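Student: Please show me the structure, and then let us go through it by question and answer.

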Amino acid sequence: MSQFNTEKGVQSIFLLIALMSITLLFLIMVFLFLEGLPIFHHVSVKEFIFGQYWYPTDDDPAFGVFPLVIGSFTVAAFAAVLAVPLGIMTAIYIAEIADRRIAEIVKPIVELMASMPSVVIGFFGMVVVSPFLQQTFNIPVGLNLFNAGLMLAFMAIPTICSISEDAIFSVPSAIKEGSYALGATHLETIIKITIPASLSGISTGVILGLSRAIGETMVVLMVAGGAAIIPESLFDPVRPMPSTIAAEMGEAPYHSEHYYALFAVGITLFAFTFLFNLAADYISYKYKQAGEGYS
Amino acid sequence: MKHLIKSIIYLLFTAITASSLMAGELTLKGSTTVLPIAQKCAEAYMAENPDVKITLSGGGSGNGIKAIIDGTADIGNSSRFIKGKEVKLAQSKDIYPVPFRIALDCIAPVVHPSSKVSNLTMDQLKNIYLGNITNWKDVGGKDGKIVVISRDSSSGTFEVWKKLVMHKKRVIPRALTIPSNGAIVQAVAKTPNAIGYVGLGYLTKDIKAVLVNNVKPSEKNTLNGSFPITRPMFMFTNNWPEGETMSFIAFVLSKKGQALVSEAGSIPIF
(Lines give C-alpha, C1' and ligand atoms only; values in the text may rest on other atoms or scores of the structure.)
Protein backbone atom coordinates (compact mmCIF):
# COMPACT_ATOMS: atom_id res chain seq x y z
CA MET A 1 0.00 0.00 0.00
CA SER A 2 2.72 2.42 0.98
CA GLN A 3 4.61 1.58 -2.18
CA PHE A 4 1.53 2.48 -4.13
CA ASN A 5 1.31 5.82 -2.30
CA THR A 6 4.94 6.64 -2.96
CA GLU A 7 4.50 5.95 -6.62
CA LYS A 8 1.43 8.12 -6.77
CA GLY A 9 3.24 10.88 -4.90
CA VAL A 10 6.20 10.79 -7.25
CA GLN A 11 3.84 10.81 -10.20
CA SER A 12 1.99 13.88 -9.03
CA ILE A 13 5.24 15.71 -8.24
CA PHE A 14 6.44 15.13 -11.78
CA LEU A 15 3.07 16.15 -13.16
CA LEU A 16 3.28 19.34 -11.13
CA ILE A 17 6.78 20.13 -12.40
CA ALA A 18 5.76 19.47 -15.99
CA LEU A 19 2.67 21.62 -15.62
CA MET A 20 4.70 24.41 -14.05
CA SER A 21 7.14 24.67 -16.92
CA ILE A 22 4.36 24.52 -19.49
CA THR A 23 2.34 27.18 -17.66
CA LEU A 24 5.38 29.42 -17.35
CA LEU A 25 6.11 29.18 -21.07
CA PHE A 26 2.47 29.76 -21.86
CA LEU A 27 2.35 32.84 -19.61
CA ILE A 28 5.43 34.25 -21.33
CA MET A 29 3.61 33.83 -24.64
CA VAL A 30 0.48 35.51 -23.25
CA PHE A 31 2.62 38.38 -22.00
CA LEU A 32 4.30 38.69 -25.41
CA PHE A 33 0.92 39.06 -27.09
CA LEU A 34 -0.51 41.39 -24.43
CA GLU A 35 2.44 43.75 -24.84
CA GLY A 36 2.71 43.47 -28.61
CA LEU A 37 -0.83 43.68 -29.92
CA PRO A 38 -1.58 47.28 -28.78
CA ILE A 39 0.70 48.56 -31.58
CA PHE A 40 -2.09 47.74 -34.01
CA HIS A 41 -4.12 50.60 -32.53
CA HIS A 42 -1.47 52.87 -34.06
CA VAL A 43 -0.64 51.17 -37.35
CA SER A 44 -2.55 48.67 -39.43
CA VAL A 45 -1.30 45.09 -39.69
CA LYS A 46 -0.56 45.65 -43.38
CA GLU A 47 1.47 48.81 -42.70
CA PHE A 48 3.37 46.98 -39.98
CA ILE A 49 4.28 43.92 -42.03
CA PHE A 50 4.86 45.54 -45.42
CA GLY A 51 6.08 48.99 -44.33
CA GLN A 52 9.46 49.80 -45.86
CA TYR A 53 10.77 52.12 -43.13
CA TRP A 54 11.71 51.49 -39.55
CA TYR A 55 11.98 54.87 -37.77
CA PRO A 56 10.45 54.07 -34.39
CA THR A 57 11.61 57.13 -32.49
CA ASP A 58 10.68 59.90 -34.93
CA ASP A 59 7.97 62.39 -34.05
CA ASP A 60 6.04 60.85 -36.89
CA PRO A 61 7.24 57.29 -36.35
CA ALA A 62 7.32 54.59 -39.02
CA PHE A 63 6.94 50.99 -37.92
CA GLY A 64 7.59 48.90 -41.03
CA VAL A 65 9.15 45.54 -40.19
CA PHE A 66 9.50 44.39 -43.79
CA PRO A 67 13.23 45.25 -44.04
CA LEU A 68 13.82 43.54 -40.67
CA VAL A 69 12.01 40.37 -41.74
CA ILE A 70 13.92 40.33 -45.03
CA GLY A 71 17.11 40.96 -43.07
CA SER A 72 16.47 37.95 -40.86
CA PHE A 73 15.61 35.77 -43.81
CA THR A 74 18.49 36.67 -46.09
CA VAL A 75 20.98 36.14 -43.28
CA ALA A 76 19.43 32.80 -42.33
CA ALA A 77 19.22 31.72 -45.98
CA PHE A 78 22.85 32.58 -46.62
CA ALA A 79 23.82 30.74 -43.45
CA ALA A 80 21.80 27.76 -44.67
CA VAL A 81 23.55 27.72 -48.04
CA LEU A 82 26.87 27.41 -46.20
CA ALA A 83 25.89 25.33 -43.21
CA VAL A 84 23.55 22.69 -44.66
CA PRO A 85 25.96 21.08 -47.14
CA LEU A 86 28.92 21.41 -44.79
CA GLY A 87 26.99 20.05 -41.81
CA ILE A 88 25.49 17.10 -43.64
CA MET A 89 28.70 16.18 -45.43
CA THR A 90 30.63 16.31 -42.18
CA ALA A 91 28.00 14.06 -40.65
CA ILE A 92 28.28 11.57 -43.51
CA TYR A 93 32.05 11.62 -43.21
CA ILE A 94 31.98 10.97 -39.49
CA ALA A 95 29.31 8.28 -39.62
CA GLU A 96 30.18 6.42 -42.81
CA ILE A 97 33.58 7.17 -44.23
CA ALA A 98 36.01 8.17 -41.53
CA ASP A 99 38.20 5.76 -39.68
CA ARG A 100 36.75 5.01 -36.26
CA ARG A 101 39.74 6.63 -34.55
CA ILE A 102 39.48 9.81 -36.61
CA ALA A 103 35.71 9.95 -36.10
CA GLU A 104 36.24 9.75 -32.38
CA ILE A 105 38.40 12.87 -32.56
CA VAL A 106 36.39 14.85 -35.10
CA LYS A 107 32.97 14.32 -33.55
CA PRO A 108 33.70 15.82 -30.13
CA ILE A 109 35.46 18.76 -31.80
CA VAL A 110 32.41 19.56 -33.92
CA GLU A 111 30.17 19.22 -30.89
CA LEU A 112 32.49 21.45 -28.91
CA MET A 113 31.92 24.17 -31.50
CA ALA A 114 28.28 24.25 -30.40
CA SER A 115 29.33 25.33 -26.92
CA MET A 116 31.15 28.40 -28.23
CA PRO A 117 29.43 31.46 -26.69
CA SER A 118 27.73 33.53 -29.39
CA VAL A 119 29.33 36.74 -28.13
CA VAL A 120 32.76 35.24 -28.82
CA ILE A 121 31.74 34.36 -32.37
CA GLY A 122 30.33 37.89 -32.78
CA PHE A 123 33.53 39.46 -31.52
CA PHE A 124 35.56 37.28 -33.86
CA GLY A 125 33.37 38.42 -36.77
CA MET A 126 33.71 42.06 -35.82
CA VAL A 127 37.44 42.20 -35.16
CA VAL A 128 38.88 39.53 -37.47
CA VAL A 129 36.45 38.69 -40.27
CA SER A 130 35.21 42.22 -40.96
CA PRO A 131 38.60 43.80 -41.83
CA PHE A 132 39.51 40.63 -43.75
CA LEU A 133 36.37 40.94 -45.91
CA GLN A 134 37.05 44.63 -46.47
CA GLN A 135 40.53 43.98 -47.80
CA THR A 136 39.81 40.79 -49.72
CA PHE A 137 36.73 41.97 -51.57
CA ASN A 138 37.62 45.66 -51.54
CA ILE A 139 34.25 46.65 -50.09
CA PRO A 140 33.59 49.77 -48.01
CA VAL A 141 32.36 47.99 -44.89
CA GLY A 142 32.86 44.53 -43.44
CA LEU A 143 29.84 44.45 -41.14
CA ASN A 144 27.27 43.03 -43.53
CA LEU A 145 25.00 40.19 -44.58
CA PHE A 146 27.92 38.05 -45.75
CA ASN A 147 29.76 38.33 -42.46
CA ALA A 148 26.62 37.67 -40.38
CA GLY A 149 25.66 34.66 -42.51
CA LEU A 150 29.16 33.24 -42.20
CA MET A 151 29.13 33.58 -38.41
CA LEU A 152 25.63 32.07 -38.13
CA ALA A 153 26.73 29.17 -40.33
CA PHE A 154 29.50 28.50 -37.79
CA MET A 155 26.85 28.28 -35.12
CA ALA A 156 24.43 26.13 -37.10
CA ILE A 157 26.93 23.54 -38.37
CA PRO A 158 27.44 21.72 -35.06
CA THR A 159 23.68 21.32 -34.51
CA ILE A 160 23.05 20.15 -38.07
CA CYS A 161 26.07 17.87 -38.01
CA SER A 162 25.54 16.13 -34.70
CA ILE A 163 21.81 15.48 -35.21
CA SER A 164 22.37 14.27 -38.79
CA GLU A 165 25.24 12.08 -37.66
CA ASP A 166 23.05 10.39 -35.06
CA ALA A 167 20.40 9.78 -37.71
CA ILE A 168 22.84 8.40 -40.26
CA PHE A 169 24.56 6.27 -37.67
CA SER A 170 21.29 4.69 -36.61
CA VAL A 171 20.36 3.48 -40.10
CA PRO A 172 20.13 -0.33 -39.62
CA SER A 173 23.17 -2.03 -41.10
CA ALA A 174 20.96 -4.72 -42.64
CA ILE A 175 19.63 -2.17 -45.17
CA LYS A 176 23.13 -1.12 -46.13
CA GLU A 177 24.32 -4.72 -46.35
CA GLY A 178 21.39 -5.43 -48.63
CA SER A 179 22.54 -2.63 -50.88
CA TYR A 180 26.09 -3.94 -50.99
CA ALA A 181 24.78 -7.42 -51.71
CA LEU A 182 23.04 -6.08 -54.81
CA GLY A 183 26.37 -4.78 -56.05
CA ALA A 184 26.13 -1.10 -55.12
CA THR A 185 29.35 0.75 -54.31
CA HIS A 186 29.97 2.53 -51.04
CA LEU A 187 29.11 5.92 -52.59
CA GLU A 188 25.93 4.62 -54.21
CA THR A 189 24.86 3.10 -50.91
CA ILE A 190 25.39 6.40 -49.08
CA ILE A 191 23.51 8.47 -51.64
CA LYS A 192 20.67 6.11 -52.48
CA ILE A 193 20.15 4.19 -49.26
CA THR A 194 21.66 5.78 -46.17
CA ILE A 195 20.67 9.39 -46.78
CA PRO A 196 17.05 8.70 -47.78
CA ALA A 197 16.70 6.39 -44.79
CA SER A 198 17.93 9.05 -42.39
CA LEU A 199 16.16 11.97 -44.05
CA SER A 200 13.89 12.50 -41.07
CA GLY A 201 16.79 13.03 -38.68
CA ILE A 202 18.74 15.14 -41.17
CA SER A 203 15.80 17.48 -41.78
CA THR A 204 15.22 17.86 -38.07
CA GLY A 205 18.87 18.77 -37.65
CA VAL A 206 18.75 21.28 -40.49
CA ILE A 207 15.64 22.99 -39.21
CA LEU A 208 16.80 23.11 -35.59
CA GLY A 209 20.15 24.50 -36.71
CA LEU A 210 18.47 27.15 -38.81
CA SER A 211 15.91 28.14 -36.21
CA ARG A 212 18.83 28.72 -33.92
CA ALA A 213 20.35 30.91 -36.62
CA ILE A 214 17.19 32.93 -37.20
CA GLY A 215 16.67 33.57 -33.49
CA GLU A 216 20.30 34.34 -32.75
CA THR A 217 20.75 37.82 -31.37
CA MET A 218 24.24 38.65 -30.20
CA VAL A 219 26.09 37.69 -33.38
CA VAL A 220 23.84 39.64 -35.74
CA LEU A 221 23.79 42.59 -33.37
CA MET A 222 27.56 42.72 -33.58
CA VAL A 223 28.29 41.91 -37.22
CA ALA A 224 25.21 42.47 -39.41
CA GLY A 225 25.73 46.25 -39.62
CA GLY A 226 22.22 47.16 -38.51
CA ALA A 227 20.89 49.13 -41.49
CA ALA A 228 17.14 48.61 -41.88
CA ILE A 229 17.21 48.22 -45.66
CA ILE A 230 16.33 45.50 -48.13
CA PRO A 231 19.78 44.26 -49.19
CA GLU A 232 20.72 44.48 -52.86
CA SER A 233 23.98 42.57 -52.60
CA LEU A 234 25.65 40.11 -50.28
CA PHE A 235 27.80 42.91 -48.94
CA ASP A 236 24.98 45.21 -47.85
CA PRO A 237 24.38 45.69 -44.15
CA VAL A 238 21.11 44.31 -42.79
CA ARG A 239 19.16 44.56 -39.54
CA PRO A 240 17.59 41.25 -38.46
CA MET A 241 14.68 41.20 -36.01
CA PRO A 242 16.43 39.91 -32.87
CA SER A 243 19.13 42.55 -33.00
CA THR A 244 16.52 45.28 -33.40
CA ILE A 245 14.77 44.16 -30.23
CA ALA A 246 18.00 43.82 -28.29
CA ALA A 247 19.37 47.18 -29.36
CA GLU A 248 16.24 49.25 -28.85
CA MET A 249 14.39 47.75 -25.90
CA GLY A 250 16.57 49.38 -23.27
CA GLU A 251 15.74 52.89 -24.39
CA ALA A 252 12.13 52.47 -25.46
CA PRO A 253 9.84 54.36 -23.05
CA TYR A 254 7.65 51.94 -21.11
CA HIS A 255 4.26 51.32 -22.78
CA SER A 256 5.03 53.67 -25.65
CA GLU A 257 4.29 52.86 -29.29
CA HIS A 258 7.94 51.92 -29.76
CA TYR A 259 7.75 49.49 -26.84
CA TYR A 260 4.63 47.83 -28.26
CA ALA A 261 6.20 47.73 -31.72
CA LEU A 262 9.26 45.90 -30.38
CA PHE A 263 7.05 43.29 -28.74
CA ALA A 264 5.17 42.98 -32.03
CA VAL A 265 8.50 42.30 -33.74
CA GLY A 266 8.94 39.64 -31.06
CA ILE A 267 5.57 38.14 -32.03
CA THR A 268 6.64 38.07 -35.70
CA LEU A 269 9.88 36.35 -34.78
CA PHE A 270 8.02 33.91 -32.54
CA ALA A 271 5.65 33.08 -35.40
CA PHE A 272 8.56 32.29 -37.70
CA THR A 273 10.51 30.11 -35.27
CA PHE A 274 7.26 28.39 -34.30
CA LEU A 275 6.54 27.56 -37.95
CA PHE A 276 10.09 26.30 -38.33
CA ASN A 277 9.74 23.96 -35.38
CA LEU A 278 6.32 22.82 -36.53
CA ALA A 279 7.81 21.98 -39.91
CA ALA A 280 10.61 20.06 -38.19
CA ASP A 281 8.09 18.05 -36.20
CA TYR A 282 6.00 17.33 -39.26
CA ILE A 283 8.94 16.19 -41.37
CA SER A 284 10.38 13.99 -38.67
CA TYR A 285 6.94 12.44 -38.22
CA LYS A 286 6.27 11.97 -41.93
CA TYR A 287 9.53 10.22 -42.74
CA LYS A 288 9.67 8.30 -39.50
CA GLN A 289 9.02 4.87 -41.05
CA ALA A 290 11.90 5.08 -43.49
CA GLY A 291 14.68 4.35 -41.03
CA GLU A 292 13.02 2.05 -38.58
CA GLY A 293 10.66 -0.04 -40.63
CA TYR A 294 13.25 -2.73 -41.08
CA SER A 295 14.48 -3.29 -37.57
CA MET B 1 -7.58 39.86 -14.36
CA LYS B 2 -4.85 41.82 -16.06
CA HIS B 3 -5.37 44.65 -13.59
CA LEU B 4 -5.26 42.28 -10.66
CA ILE B 5 -1.89 40.89 -11.74
CA LYS B 6 -0.56 44.36 -12.36
CA SER B 7 -1.65 45.64 -8.97
CA ILE B 8 -0.11 42.63 -7.23
CA ILE B 9 3.19 43.24 -9.01
CA TYR B 10 2.95 46.91 -8.17
CA LEU B 11 2.33 46.14 -4.51
CA LEU B 12 5.31 43.81 -4.45
CA PHE B 13 7.55 46.45 -5.98
CA THR B 14 6.44 49.15 -3.57
CA ALA B 15 6.95 46.74 -0.68
CA ILE B 16 10.49 46.05 -1.87
CA THR B 17 11.36 49.69 -2.39
CA ALA B 18 9.76 50.75 0.87
CA SER B 19 11.88 48.27 2.80
CA SER B 20 14.98 49.36 0.93
CA LEU B 21 14.38 52.99 1.87
CA MET B 22 14.31 52.15 5.55
CA ALA B 23 17.60 50.28 5.53
CA GLY B 24 19.60 53.23 4.14
CA GLU B 25 19.77 51.79 0.66
CA LEU B 26 19.68 53.52 -2.70
CA THR B 27 18.83 52.08 -6.09
CA LEU B 28 20.04 53.75 -9.28
CA LYS B 29 19.01 52.64 -12.74
CA GLY B 30 19.26 53.88 -16.28
CA SER B 31 21.46 55.31 -19.01
CA THR B 32 24.71 53.56 -19.80
CA THR B 33 26.25 56.97 -20.57
CA VAL B 34 25.60 58.16 -17.02
CA LEU B 35 26.62 54.81 -15.55
CA PRO B 36 30.38 55.52 -15.18
CA ILE B 37 29.59 58.77 -13.33
CA ALA B 38 27.03 57.08 -11.09
CA GLN B 39 29.50 54.29 -10.37
CA LYS B 40 32.35 56.58 -9.32
CA CYS B 41 30.04 58.73 -7.20
CA ALA B 42 28.42 55.70 -5.57
CA GLU B 43 31.80 54.23 -4.63
CA ALA B 44 32.99 57.50 -3.11
CA TYR B 45 29.68 58.07 -1.33
CA MET B 46 29.67 54.57 0.17
CA ALA B 47 33.25 55.07 1.34
CA GLU B 48 32.14 58.21 3.21
CA ASN B 49 28.90 56.66 4.51
CA PRO B 50 29.62 53.00 5.23
CA ASP B 51 26.06 52.30 6.44
CA VAL B 52 24.56 53.16 3.04
CA LYS B 53 24.27 50.52 0.36
CA ILE B 54 23.90 51.66 -3.26
CA THR B 55 22.71 49.33 -6.01
CA LEU B 56 23.51 50.35 -9.59
CA SER B 57 22.34 49.08 -12.93
CA GLY B 58 22.26 50.20 -16.56
CA GLY B 59 19.60 49.40 -19.10
CA GLY B 60 19.24 52.72 -20.88
CA SER B 61 17.64 56.11 -20.29
CA GLY B 62 14.15 54.81 -20.99
CA ASN B 63 14.58 52.17 -18.31
CA GLY B 64 15.85 54.75 -15.81
CA ILE B 65 12.79 56.94 -16.21
CA LYS B 66 10.54 53.88 -16.23
CA ALA B 67 12.10 52.82 -12.93
CA ILE B 68 11.13 56.17 -11.38
CA ILE B 69 7.59 55.82 -12.67
CA ASP B 70 7.33 52.21 -11.43
CA GLY B 71 9.01 53.05 -8.15
CA THR B 72 11.69 50.40 -8.65
CA ALA B 73 14.55 52.87 -8.24
CA ASP B 74 15.23 55.95 -6.13
CA ILE B 75 17.19 57.66 -8.87
CA GLY B 76 16.76 57.21 -12.61
CA ASN B 77 19.76 58.11 -14.76
CA SER B 78 19.07 59.56 -18.17
CA SER B 79 21.20 61.00 -20.95
CA ARG B 80 18.17 62.83 -22.33
CA PHE B 81 15.34 64.90 -20.91
CA ILE B 82 12.05 63.19 -20.02
CA LYS B 83 9.61 62.87 -22.95
CA GLY B 84 6.05 64.19 -23.01
CA LYS B 85 4.60 60.70 -23.09
CA GLU B 86 6.61 59.68 -20.06
CA VAL B 87 5.45 62.74 -18.13
CA LYS B 88 1.85 61.82 -18.89
CA LEU B 89 2.39 58.23 -17.79
CA ALA B 90 4.02 59.45 -14.57
CA GLN B 91 1.18 61.84 -13.83
CA SER B 92 -1.37 59.08 -14.35
CA LYS B 93 0.39 57.22 -11.53
CA ASP B 94 0.69 60.29 -9.29
CA ILE B 95 4.43 60.50 -9.72
CA TYR B 96 6.28 63.76 -10.30
CA PRO B 97 9.73 63.21 -11.80
CA VAL B 98 12.25 65.91 -10.82
CA PRO B 99 15.34 66.34 -13.04
CA PHE B 100 18.83 67.21 -11.76
CA ARG B 101 21.39 68.25 -14.32
CA ILE B 102 24.59 66.54 -13.17
CA ALA B 103 27.01 66.68 -16.10
CA LEU B 104 27.53 67.69 -19.71
CA ASP B 105 28.68 65.67 -22.64
CA CYS B 106 29.91 66.66 -26.06
CA ILE B 107 29.42 64.49 -29.10
CA ALA B 108 32.30 64.49 -31.55
CA PRO B 109 32.12 63.36 -35.17
CA VAL B 110 34.92 60.86 -35.79
CA VAL B 111 36.64 59.48 -38.88
CA HIS B 112 39.40 56.98 -39.64
CA PRO B 113 42.88 58.34 -38.72
CA SER B 114 44.00 58.10 -42.35
CA SER B 115 41.30 60.53 -43.50
CA LYS B 116 42.42 63.90 -44.83
CA VAL B 117 39.22 65.59 -43.64
CA SER B 118 39.72 67.50 -40.40
CA ASN B 119 36.84 69.97 -40.40
CA LEU B 120 33.17 69.66 -41.34
CA THR B 121 30.40 72.22 -41.10
CA MET B 122 27.10 71.36 -39.44
CA ASP B 123 25.50 71.56 -42.88
CA GLN B 124 27.97 69.09 -44.37
CA LEU B 125 27.41 66.70 -41.46
CA LYS B 126 23.68 66.92 -41.95
CA ASN B 127 23.93 66.24 -45.68
CA ILE B 128 26.25 63.29 -45.14
CA TYR B 129 23.75 61.71 -42.76
CA LEU B 130 20.84 62.57 -45.07
CA GLY B 131 22.63 60.76 -47.87
CA ASN B 132 23.01 63.88 -50.04
CA ILE B 133 26.81 63.86 -49.82
CA THR B 134 28.11 60.36 -50.54
CA ASN B 135 31.75 60.86 -51.53
CA TRP B 136 34.60 62.12 -49.37
CA LYS B 137 35.97 64.23 -52.22
CA ASP B 138 32.90 66.51 -51.95
CA VAL B 139 34.01 67.59 -48.47
CA GLY B 140 37.74 67.86 -49.14
CA GLY B 141 38.90 64.28 -48.72
CA LYS B 142 40.19 61.52 -50.97
CA ASP B 143 37.86 59.92 -53.51
CA GLY B 144 35.85 57.22 -51.73
CA LYS B 145 32.29 56.33 -50.81
CA ILE B 146 31.37 57.57 -47.33
CA VAL B 147 30.36 54.79 -44.94
CA VAL B 148 27.83 56.43 -42.64
CA ILE B 149 27.75 54.96 -39.14
CA SER B 150 25.05 55.96 -36.69
CA ARG B 151 23.84 54.88 -33.26
CA ASP B 152 20.66 52.95 -32.66
CA SER B 153 17.58 55.09 -32.99
CA SER B 154 16.73 54.67 -29.33
CA SER B 155 20.07 55.69 -27.85
CA GLY B 156 20.32 59.03 -26.08
CA THR B 157 23.37 59.93 -28.17
CA PHE B 158 21.39 59.39 -31.37
CA GLU B 159 18.58 61.59 -30.13
CA VAL B 160 20.94 64.47 -29.49
CA TRP B 161 22.50 63.96 -32.92
CA LYS B 162 19.09 63.88 -34.56
CA LYS B 163 17.96 67.04 -32.82
CA LEU B 164 21.10 69.15 -33.17
CA VAL B 165 22.63 67.93 -36.43
CA MET B 166 19.74 66.46 -38.39
CA HIS B 167 17.11 68.95 -37.22
CA LYS B 168 14.79 65.97 -36.81
CA LYS B 169 15.20 64.80 -40.41
CA ARG B 170 15.67 61.06 -40.93
CA VAL B 171 19.13 59.49 -41.15
CA ILE B 172 19.33 57.44 -44.38
CA PRO B 173 18.24 53.82 -43.85
CA ARG B 174 21.52 52.65 -45.42
CA ALA B 175 23.48 53.98 -42.45
CA LEU B 176 25.00 51.28 -40.29
CA THR B 177 23.57 51.36 -36.80
CA ILE B 178 25.76 50.23 -33.99
CA PRO B 179 24.60 49.63 -30.44
CA SER B 180 27.27 51.34 -28.34
CA ASN B 181 29.90 54.08 -28.22
CA GLY B 182 32.65 51.50 -27.85
CA ALA B 183 31.51 49.55 -30.90
CA ILE B 184 31.45 52.75 -32.98
CA VAL B 185 35.09 53.36 -32.07
CA GLN B 186 35.86 49.77 -33.17
CA ALA B 187 34.00 50.10 -36.46
CA VAL B 188 35.41 53.51 -37.41
CA ALA B 189 38.95 52.47 -36.52
CA LYS B 190 38.66 49.45 -38.84
CA THR B 191 36.87 51.14 -41.76
CA PRO B 192 38.93 53.64 -43.78
CA ASN B 193 35.96 55.53 -45.27
CA ALA B 194 33.76 55.61 -42.19
CA ILE B 195 32.27 58.52 -40.29
CA GLY B 196 30.62 58.12 -36.90
CA TYR B 197 30.01 60.04 -33.69
CA VAL B 198 30.87 59.30 -30.05
CA GLY B 199 30.83 60.95 -26.65
CA LEU B 200 33.96 62.91 -25.71
CA GLY B 201 34.99 60.29 -23.15
CA TYR B 202 35.31 57.65 -25.87
CA LEU B 203 37.84 59.43 -28.10
CA THR B 204 40.98 57.32 -28.55
CA LYS B 205 44.02 57.55 -30.77
CA ASP B 206 42.59 54.87 -33.10
CA ILE B 207 40.08 57.37 -34.43
CA LYS B 208 40.27 61.01 -35.43
CA ALA B 209 37.89 63.62 -34.04
CA VAL B 210 36.75 66.17 -36.61
CA LEU B 211 36.36 69.89 -35.93
CA VAL B 212 32.81 71.15 -36.35
CA ASN B 213 32.51 74.66 -37.84
CA ASN B 214 36.26 74.93 -37.02
CA VAL B 215 35.65 74.34 -33.32
CA LYS B 216 37.43 71.49 -31.57
CA PRO B 217 35.28 69.12 -29.50
CA SER B 218 36.69 69.63 -26.01
CA GLU B 219 35.69 70.29 -22.43
CA LYS B 220 36.56 73.98 -22.71
CA ASN B 221 34.56 74.54 -25.90
CA THR B 222 31.58 72.71 -24.42
CA LEU B 223 31.52 74.86 -21.30
CA ASN B 224 31.89 78.15 -23.20
CA GLY B 225 29.13 77.06 -25.57
CA SER B 226 31.08 77.32 -28.82
CA PHE B 227 30.93 73.62 -29.71
CA PRO B 228 27.52 72.99 -31.25
CA ILE B 229 26.79 69.33 -30.37
CA THR B 230 26.50 69.02 -26.60
CA ARG B 231 23.94 67.64 -24.17
CA PRO B 232 23.21 67.67 -20.45
CA MET B 233 22.86 64.45 -18.44
CA PHE B 234 20.28 63.97 -15.73
CA MET B 235 19.37 62.12 -12.60
CA PHE B 236 15.62 61.92 -12.04
CA THR B 237 13.90 61.44 -8.70
CA ASN B 238 10.27 61.01 -7.73
CA ASN B 239 9.23 64.36 -6.23
CA TRP B 240 11.78 66.59 -4.54
CA PRO B 241 14.17 64.06 -2.98
CA GLU B 242 14.46 63.50 0.74
CA GLY B 243 16.86 61.75 3.11
CA GLU B 244 19.51 59.52 1.57
CA THR B 245 18.47 60.32 -2.01
CA MET B 246 18.83 64.05 -1.39
CA SER B 247 22.24 63.73 0.21
CA PHE B 248 23.46 61.54 -2.66
CA ILE B 249 22.31 64.06 -5.28
CA ALA B 250 23.91 66.84 -3.23
CA PHE B 251 27.12 64.80 -3.21
CA VAL B 252 27.08 64.40 -7.01
CA LEU B 253 26.59 68.15 -7.39
CA SER B 254 29.32 69.00 -4.85
CA LYS B 255 32.89 69.96 -5.87
CA LYS B 256 34.02 66.44 -5.01
CA GLY B 257 31.23 64.83 -7.04
CA GLN B 258 31.92 67.03 -10.06
CA ALA B 259 35.62 66.09 -9.90
CA LEU B 260 34.47 62.46 -10.18
CA VAL B 261 32.34 63.44 -13.18
CA SER B 262 35.40 64.60 -15.08
CA GLU B 263 37.31 61.52 -13.90
CA ALA B 264 34.55 59.42 -15.50
CA GLY B 265 35.21 61.09 -18.84
CA SER B 266 32.31 63.56 -18.84
CA ILE B 267 32.23 67.31 -18.43
CA PRO B 268 31.38 68.78 -15.00
CA ILE B 269 28.69 71.48 -14.97
CA PHE B 270 30.84 73.97 -13.05
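The questions below concern chain A and one helix pair in it.

Tutor: This is a predicted model, where local features need pLDDT of at least 70, side-chain atom pairs count only at pLDDT 80 or more, and totals for chains, interfaces and linings use all residues. Residues are numbered from 1 along each chain as its sequence is written, with chains lettered from A and ligands numbered from 1 in the order in which they are written.

Student: What share of the residues in chain A is buried?

Tutor: A residue is buried if 20 or more other C-beta atoms, placed from the backbone, lie within 10 Å of its own. Chain A has 295 residues, and the buried part of them is 40%.

Student: Is H5(A) parallel or oblique to H6(A)?

Tutor: H5(A) packs on H6(A), residues 145-169, with axes 10 Å apart and an angle of about 140 degrees. Angles under 35 degrees count as roughly parallel, over 145 as roughly antiparallel, 65 to 115 as roughly perpendicular and the rest as oblique. The angle therefore makes H5(A), relative to H6(A), oblique.

Student: How many residues of the contact of H5(A) with H6(A) are charged?

Tutor: Contact requires C-beta atoms, placed from the backbone, within 7 Å. The residues include Gly122(A) and Val129(A) of H5(A), and Leu150(A) and Phe154(A) of H6(A). Asp, Glu, Lys and Arg count as charged, Ala, Val, Leu, Ile, Met, Phe, Trp, Tyr, Cys and Pro as nonpolar, and the others, Gly among them, as polar. The contact has eight nonpolar residues and five polar, and the charged residues number no more than none: no charged.

Student: Which helix of chain A do the buried residues of H7(B) pack against?

Tutor: Ile184(B) and Val188(B) are among the buried residues of H7(B). Besides elements of chain B, including strand S4 (97-111), these buried residues pack against a helix of chain A, H5 (118-137).

Definitions and conventions. Buried ≥ 20, exposed ≤ 12 C-beta atoms within 10 Å, placed from the backbone. Helix = DSSP H or I, 4+ residues; strand = E, 2+ residues; numbered from the N terminus. Contact = placed C-beta atoms within 7 Å. Axes fitted to C-alpha atoms, helices over the stretch in contact; angles between N-to-C directions.
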